[in-house]
Amino acid sequence: MRNSATGPATRALVPVPRLLMLKWSLRLRWERDMVAAEIATERLILRPLSLRDCALIQAAARRREVADTMISIPHPFSARDAERYVRTRLGQMRRGRGVALCIWTRSERAFCGFVELRAIDHEHALAELSFWLAVDAWGLGYMSEAIGAVLRLSFQDLGLNRIHAYHMVRNPASRRVLAGHGFRVEGVLRERARKWGVFEDVVLQALLRTDWRDGDRIER
Ligand SMILES: CC(C)(COP(=O)(O)OP(=O)(O)OC[C@H]1O[C@@H](n2cnc3c(N)ncnc32)[C@H](O)[C@@H]1OP(=O)(O)O)[C@@H](O)C(=O)NCCC(=O)NCCS
């Protein structure tokens with residue numbers, strides 16, 4: 001039996017989800033196009049990760065110095081590990097859940113590191129920032145420059161509201177790079193990571209869009 005009270009209401013609801021779905025799919029397509037684009041900074045080019053980058057990623061990330069303070073990079077880091085690392089991130093990008101960018105120098109077109117937004121959560125407009133540089137590229141301020149561009153992408157283009165990052169307590173370079181962009185320490189996660197068989201405390205830092213000042217490095 002047809003319920004006259006629910007009939008028209010049900011019909012009226014039909015176009016709304018369709019419209020929403022169209023809006024979401026257009027937004028996803030727009031975001032995918034945007035994250036597929038290269039980003040140039042003063043000294044660097046951030047280029048979307050591809051399968052062709054596996055060998056470069058492995059060569060740089062297999063160094064013990066890089067793995068030492070990375071929670072997400074095992075050691076040793078085989079070619080197969082590198083391929084898995086890349087494929088996981090390409091999958092996240094396809095699903096609109098990540099943005100993974102290789103960092104290249106503009107002058108020599110040399111690969112020098114990696115920066116990513118991962119676990120993008122559209123409902124809450126947040127994502128996790130993760131990053132590392134090849135050892136030869138340390139100490140030049142490259143990561144700060146790359147993160148500046150990723151924050152612009154996050155807040156201006158992707159419409160995110162909160163970016164958070166984790167680093168080991170014994171990683172002052174990460175702490176300073178993040179603090180320089182206005183990230184604030186939100187807490188210490190006790191023994192959150194196990195590295196070289198030892199449990200380590202991990203700092204959680206975050207930056208809100210309202211605290212972000214584009215291009216304006218904050219001295220702390
Ligand atoms: C963390 C990392 C990305 C930093 O990148 P970078 O561009 O080389 O950073 P810099 O050497 O320019 O240092 C950044 C800041 O930290 C400071 N710093 C570096 N090492 C330091 C140390 N041992 N003690 C105190 N401060 C230190 C620098 O003086 C600089 O300060 P400034 O911003 O006031 O100039 C890089 O060291 C790296 O890839 N490390 C291995 C992987 C890793 O730890 N990734 C991050 C995981 S969260």
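Two strands pair if DSSP finds at least two bridges between them. Helices (H or I, at least four residues) and strands (E, at least two) are themselves DSSP runs, numbered from the N terminus. Keep both in mind for the views below.

**View 1. The whole chain, with seven helices and eight strands.** This is a predicted model, in which local features need pLDDT of at least 70 and side-chain atom pairs count only at pLDDT 80 or more, while totals for chains, interfaces and linings use all residues. Residues are numbered from 1 along each chain, as its sequence is written. The predictor's confidence in each residue, from 0 to 100, is called pLDDT; the protein chain averages 89, and 82% of the residues score at least 70. Of the 220 residues, 27% count as buried, meaning that 20 or more other C-beta atoms lie within 10 Å of the residue's own (exposed is 12 or fewer, partly exposed is in between, and C-beta atoms are placed from the backbone).

**View 2. The start of the chain, residues 1-12.** Go easy on this bit: pLDDT stays under 50 here, and the model has one contact beyond four places in sequence for these residues. A contact means that the C-beta atoms of two residues, placed from the backbone, lie within 7 Å. Where pLDDT is low, the predicted coordinates should not be read in detail.

**View 3. Strands β1, β2 and β3 side by side.** A hairpin takes you from β1 to β2 through three residues. β1 (residues 39-40) and β2 (residues 44-48) are antiparallel, with two bridges, and Ile 39 has Leu 46 in β2 as its bridge partner. On to β3 (residues 99-105): five bridges join this strand to β2, again antiparallel. Look for Pro 48, which stands opposite Leu 101 in β3.

**View 4. Strand β8 with its partners β6 and β7.** β8 (residues 198-208) pairs with β6 (residues 162-168) in the antiparallel sense over seven bridges, and Met 168 sits opposite Val 202 in β8. β7 (residues 184-195) is antiparallel to β8 too, over eight bridges; here Val 188 has Val 203 as its bridge partner. Two residues lie between β7 and β8 in their hairpin, and Trp 196 in the turn has a positive phi of about 55°.

**View 5. Ile 71, in the loop between α4 (64-68) and α5 (79-94).** Ile 71 has 15 C-beta neighbours inside 10 Å, so it counts as partly exposed. Beyond its neighbours within four places in sequence, Ile 71 is in contact with Tyr 166 and Ala 193. Val 202 is 131 residues away from Ile 71 in sequence, yet their C-alpha atoms are 9.5 Å apart in space.

**View 6. Helix α6, end to end.** At 1.5 Å a residue, the 16 residues of α6 should span 22 Å (the expected span is 1.5 Å times one less than the number of residues). The end C-alpha atoms are 22 Å apart, which agrees. The buried residues of α6 include Tyr 142, Met 143, Ala 146, Ile 147 and Val 150. After α6 comes Gly 159, with a positive phi near 70°.

**View 7. The shell of 20 residues around the ligand.** Thr 69, Met 143, Pro 172, Ala 173 and Arg 176 come nearest (near means that the C-beta atom, placed from the backbone, lies within 6 Å). β5 (126-133), α6 (142-157) and α7 (172-180) each give two or more residues to the shell, and α7 gives the most, with six.
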